Amino acid sequence: MKVMISQPMNGRSEEEIQRERKEIIGKFNKMHIEVIDTYFEEEAPENCNKGIYYLAKSIEAMKDIDALFMCKNWQLARGCRIENQVAKEYGIKILTYDFLYEEEKIKRLN
């Protein structure tokens, strides 16, 4: 199975984003699930809408995935909402935050 991470980035530090990605990728790797790298480090071309540029690259990557993992607070990020809608429209499985973190939540409650 190949998974892509849909992650809010606006207003977050590079360190925060990378730390969250590393944790999520580690959890998927333990389940022998491949995570497609959609963290694009190259600069968007000048004179273009940077948000749309990176969103287009993410949507292009979705052609190779079996599932889309929605990070916490994805509903607050326009790009994540669009990726979620694309996944729904094209029958790509959507994994919510609870998919990876439900077990930890249960342990904290006990």
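Q: Why does E15 count as exposed?
A: In this predicted model, the relative accessibility of E15 is 58%. Exposed means over 50%. E15 therefore counts as exposed.

Q: What makes E15 and R19 a salt bridge?
A: Their side chains meet at 3.3 Å, N to O. The cut-off is within 4 Å, from a Lys or Arg nitrogen to an Asp or Glu carboxyl oxygen. The pair therefore qualifies.

Q: How are E15 and R19 placed in helix 1?
A: They are four residues apart, which means about one helical turn between them. An α-helix has 3.6 residues a turn, so residues three or four places apart point the same way.

Q: Why is the pair of K57 and E42 called a salt bridge?
A: The N to O distance is 3.2 Å. The limit is 4 Å. The pair of K57 and E42 therefore passes.

Q: What does the pair of K57 and E42 tie together?
A: K57 lies in helix 2, and E42 in the loop between strand 2 and helix 2. The salt bridge therefore joins parts that are 15 residues apart in sequence.

Q: Why do K57 and E42 count as partly exposed?
A: K57 has 24% relative accessibility. E42 has 34%. Partly exposed lies between the 20% and 50% cut-offs, so both residues take that label.

Q: How do you know that K57 lies over the face of F40?
A: The distance from K57 to the ring centre of F40 is 5.1 Å. The definition asks for a charge within 6 Å of the centre and within 35 degrees of the ring normal. The distance therefore meets the first condition. K57 is listed as lying over the face of F40.

Q: What are the classes of R12 and E20, buried or partly exposed?
A: R12, at 25%, is partly exposed. E20, at 16%, is buried. The boundary is 20%, so the two residues fall on either side of it. R12 and E20 also form a salt bridge, with their closest N and O atoms 2.8 Å apart. A search of the whole structure finds four salt bridges.

Q: What makes F28 and F69 an edge-to-face pair?
A: Their ring centres are 5.5 Å apart, with 85 degrees between the planes. Pairing needs centres within 6.5 Å, and edge-to-face needs over 60 degrees. Both conditions therefore hold. F28 sits in helix 1 and F69 in strand 3, 41 residues apart. Both are buried. Together with F99 they form one aromatic cluster.

Q: Why are Y53 and Y54 called edge-to-face?
A: Their planes are 80 degrees apart and their centres 5.1 Å apart. The angle is over 60 degrees, so the edge-to-face label applies. Y53 is partly exposed at 23%. Y54 is partly exposed at 24%.

Q: Why is S58 called buried?
A: Its relative accessible area is 8%. Buried means under 20%, so S58 is buried. S58 is in helix 2. Beyond its sequence neighbours up to four places away, S58 touches M4, F40 and E83.

Q: What puts the buried residues on the same side of helix 3?
A: The buried residues are C80, E83, N84, V86 and A87. They cover an arc of only 160 degrees around the axis, which puts them on the same side of helix 3. On the other side, R78, K88 and E89 are exposed. The buried residues pack against strand 1, helix 2, strand 3 and strand 4.

Q: Why does A87 count as buried?
A: A87 has 0% relative accessibility. That is under 20%, so A87 counts as buried. Leaving aside neighbours within four places, A87 is in contact with M62, L68, I92 and I94.

Q: What is notable about phi of N47 and N73?
A: N47 has a positive phi near 60 degrees and is a residue other than glycine. N73, also other than glycine, has a positive phi near 65 degrees.

Q: How do you know which of the two, N47 or N73, is exposed and which partly exposed?
A: N47 has 81% relative accessible area. N73 has 42%. The cut-off for exposed is over 50%, so N47 is exposed and N73 is partly exposed. N47 is in the loop between strand 2 and helix 2. N73 is in the loop between strand 3 and helix 3.

Note on methods:
Residues numbered from 1 in each chain as written. Predicted model: local features only at pLDDT ≥ 70, side-chain atom pairs only at ≥ 80, totals over all residues. Heavy atoms only, no water. Buried < 20%, exposed > 50% of the residue type's maximum accessible area, 1.4 Å probe, protein only. Helix = DSSP H or I, 4+ residues; strand = E, 2+ residues; numbered from the N terminus. Arc of directions from axis to C-beta. Contact = heavy atoms within 4.5 Å. Phe/Tyr/Trp six-rings, centres within 6.5 Å; stacked < 30°, edge-to-face > 60°.
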